[in-house]
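Work through the exercises below with the model open. Try each task before reading its solution.

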Amino acid sequence: MTAYRLVQLIIAGVVALSGLIEITPIKINPISTLLKWIGDRLTGDMRQQLMDIRSKVDDMEKQLATDEVDKIRNDMLKFGRECRKKEQHTKKQFEQIIYLYKKYEDLVEKYDIDNGVLELEYDYIVSVYKRCLQEGAFL
């Protein structure tokens, strides 16, 4: 047996043993590395598909929030217009508008949606609400 063949056998033995034994203090983990590599190859496409789906879900979620903000904005503008026409409302209707405005603010902040001019309309509605509270002028 030549020295070259002996070195080859020693290297082959070390490689074989290192595949069976993970040396923790040196941070060489051949089995974990091999299994991670195999796992990455098996799930790589699935991960990308999941990331694509997550992106689409995020887009849909923002679109739903934008639609909800638009609906709330329209409801509040309509309510304000009714108040300007001196139409009477119940206390519960005012409380619902106040609740909707809080929801509106939360959605605008969470999804970074343009606010528009609704703050002025809300201030007007609150002033009418306060006047109705003082005068007992609810429907």
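## Exercise 1: the two sides of a helix

The face of α3 turned away from its buried side carries the exposed residues Lys92, Glu109 and Lys110. The model is a predicted one.

Task: find which residues of α3 are buried, and what covers them.

Solution.
1. List the buried residues. In α3 they are Phe94, Ile97, Leu100, Tyr101, Tyr104, Leu107, Val108 and Tyr111.
2. Place them around the axis. They span an arc of only 135°, so they sit on the same side of α3.
3. Recall the helix geometry. With 3.6 residues a turn, an α-helix points residues three or four places apart the same way.
4. Look for the cover. The buried residues of α3 are covered by elements including α2 (30-84) and α4 (118-135).

## Exercise 2: length and end of α3

Task: check whether the end-to-end distance of helix α3 agrees with or departs from the expected span.

Solution.
1. Take the extent. Helix α3 covers residues 91-111, which is 21 residues.
2. Work out the expectation. The rule is 1.5 Å times one less than the number of residues, so α3 should span 30 Å.
3. Compare. The end C-alpha atoms of α3 are 30 Å apart, which agrees.
4. Step past the end. Just after α3, Asp112 has a positive phi of about 55°.

## Exercise 3: two cysteines

Task: decide whether Cys83 and Cys132 are bonded or too far apart for a bond.

Solution.
1. Recall the bond. A disulfide links the sulfur atoms of two cysteines covalently.
2. Set the cut-off. The two sulfur atoms must lie within 2.5 Å.
3. Apply it. The sulfur of Cys132 is 7.2 Å from that of Cys83, its closest cysteine sulfur, so the pair is too far apart for a bond.
4. Count. The structure has zero disulfides by this rule, and Cys83 is in none.
5. Check exposure. Buried means under 20% relative accessible area. Cys83, at 5%, is therefore buried. Cys132, at 7%, is buried as well.

## Exercise 4: Asp67 and the whole chain

Task: describe the setting of Asp67, then give the overall make-up of the chain.

Solution.
1. Locate Asp67. This residue lies in helix α2.
2. Classify it. Its relative accessibility is 38%, so Asp67 counts as partly exposed.
3. Find a partner. The side chains of Asp67 and Gln63 share a polar contact of 2.9 Å.
4. Zoom out. The chain has four helices and zero strands, in the order α-α-α-α.
5. Add the totals. Of its 139 residues, 21% are buried. The accessible surface is about 10800 Å², with 61% belonging to carbon and sulfur atoms.

Terms used
Residues are numbered from 1 along each chain as its sequence is written. This is a predicted model: local features need pLDDT of at least 70, side-chain atom pairs count only at pLDDT 80 or more; totals for chains, interfaces and linings use all residues. Side-chain values use heavy atoms; hydrogens and water are left out. Helices (H or I, at least four residues) and strands (E, at least two) are DSSP runs, numbered from the N terminus. Buried means under 20% relative accessible area, exposed over 50%, partly exposed in between (1.4 Å probe, protein chains only). Accessible areas come from the Shrake-Rupley method with a 1.4 Å probe; for residues, only the protein chains shown count as cover. The arc is that of the directions from the helix axis to the C-beta atoms. Contact means heavy atoms within 4.5 Å. A polar contact is a pair of N or O atoms within 3.5 Å; within protein, one must be able to donate a hydrogen and the other to accept it, and residues adjacent in sequence count only if both atoms are side-chain atoms.
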